[in-house]
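Open the model in your viewer and keep the selection tool handy. We will go from stop to stop, choosing residues and looking at what is there.

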Amino acid sequence: MATALQAVRGMNDVLPDEAAAWQRVEDVARDIFERYGYRQMRLPIVESTPLFVRSIGEHTDVVEKEMYTFDDRLNGESLTLRPEATAGIVRAAIEHSLTYERPLRVWTGGPMFRHERPQKGRYRQFHQLDVEALGFAGPDVDAEQIVMLARLWRALGLADVRLSINSIGDAAERHAHRAALIEHFERHRAALDEDALRRLHANPLRILDSKNPALQEIIASAPRLVDRLLPPSRAHFDALCALLDEAGIRYSVDPRLVRGLDYYNRTVFEWVTGALGAQGTIAGGGRYDGLFEALGGKPTPACGFAIGIERLILLMHAQGATRIHVPDGYIVHAGERGGALARRVAETLRDHGASVVLHAGGGGFKAQMKKADASGARLAVIIGDDEADSHSVAIKTLRNGGDQVSVPLQDLPARFAAMNISKDEYGCL
Ligand code: HAM
């Protein structure tokens, strides 16, 4: 027998029992994004490698170590499986001149690829919902996006997701801060690891997001950019805080929050849960006012965020907020006339909006009833030749007591709906 092949490490299958949670996240998110005026955009999964190098930054973990990059077979062009969506959105906005007449609120979603060490909550193919407001200087849209995320957590029934915010200033402030950081880390040079030494002069801000436990103390004592903001950045940050206060959003200001991608300026934020261990950041984002220009576009201020769907679903499981999808009814049938009626009844109930599974594969009533039970359906509809002859069906509740009633065909849709009273699109797991 040939060896069975397996999925690539860090790339997961979403099996039918899991899919309902995914659909729920995607449906609820799409509805909320649209209620705030964000419209969907769909983008290629493969982009040219320089797009990511120029936007995410040469000295970041993503570009240095995590990209799936390959040469196109035909012309040798270097291509990369997208590690995130913002760069592609900005590329498309420039390419199609989407934002020069008026600003644009957009969202997108789908698989992203990073060659990280797989563990719970960290995968090599993962999925994001990504939201961007292009052409808005803020801080009003910065706050809008945070308020929108708070609404999403509420709609999904999530608790205990904490918001951290920070301002990392503009390029000039970061430049001044850079010198202070280099001086600080030079003083601790002997303790730095290989990554930190490489970044020390190239991009010292990136040392701040090192995950090496041995560096955490040195990082904690580093000078803080939020203390050196110039008046325009300070005013932007203060106004954002005021808008969050007004909206009743709780947050903490975390001066160490710098995010792992180079394109950010001013506002950065993350939503973190304690329920998932080390991979607790379920969404992160911020402002990237310089990215359009860096990618050859006209100056266009912008702000956005991305949600990690796998982490969100892990959190929903941890908090009992996931459900599996179950059919409303399962139709068991026997006999030729019974089978013909069962097929008609299935279509009629579906016409009335119910989800019904019509038993396939034959077998006696008893075996079929076992399948009906296992399907999780609330109701079984039982149809034999006798029912066909008397223009009726039997409906049996499969939960709470198992009553069975005989229902004339003309009353079926209404009686089925009435007996399906506990109907809630998602049955409890
Ligand atoms: P990010 O912080 O790199 O930001 O990723 C956003 C979210 O994606 C993370 O908070 C996490 O939930 C999820 N995520 C990241 N890497 C993995 C992984 N290996 N496995 C599972 N989940 C992961 C961005 O990607 C920015 N483009 C966000 C943004 C949009 N900023 C402005 N606009």
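**First stop: a helix and its cover**

Please keep in mind that this is a predicted model. Start by selecting α3 (61-66) and α6 (171-187), which are among the parts that cover the buried residues of α7. Now add helix α7 itself, residues 194-202. Which of its residues are buried? Colour A196, R199 and L200, and you have the buried residues of α7. Turn the view until you look down the axis of α7: these buried residues fall within an arc of 130 degrees, so they line one face of the helix.

**Second stop: the largest cavity**

Next, let's look for enclosed space. Rolling a probe the size of a water molecule over the atoms shows where empty space is left. How many cavities of 30 Å³ or more does the structure hold? There are 2, and the largest of them contains about 60 Å³ of space. Select H177, L208, L225, P255 and V258: of the 13 lining residues, these are the closest to the centre of the largest cavity. By character, the lining of this cavity is made up of 8 nonpolar, 3 polar and 2 charged residues.

**Third stop: the second largest cavity**

Clear the selection and pick L43, P44, E47, F52, R82, E84, A85 and G88, the residues that line the second largest cavity. Its volume is about 40 Å³. If you colour this lining by residue type, you should find 4 nonpolar, 1 polar and 3 charged residues.

Notes:
Residues numbered from 1 in each chain as written. Predicted model: local features only at pLDDT ≥ 70, side-chain atom pairs only at ≥ 80, totals over all residues. Heavy atoms only, no water. Buried < 20%, exposed > 50% of the residue type's maximum accessible area, 1.4 Å probe, protein only. Helix = DSSP H or I, 4+ residues; strand = E, 2+ residues; numbered from the N terminus. Arc of directions from axis to C-beta. Contact = heavy atoms within 4.5 Å. 1 Å grid on protein atoms, 1.4 Å probe; cavity = no way out; pocket = protein on both sides within 12 Å on 5 of 7 lines; lining within 4 Å. Points joined across faces, edges and corners; volume = space filled by probe spheres on them. Nonpolar A, V, L, I, M, F, W, Y, C, P; charged D, E, K, R; others polar.
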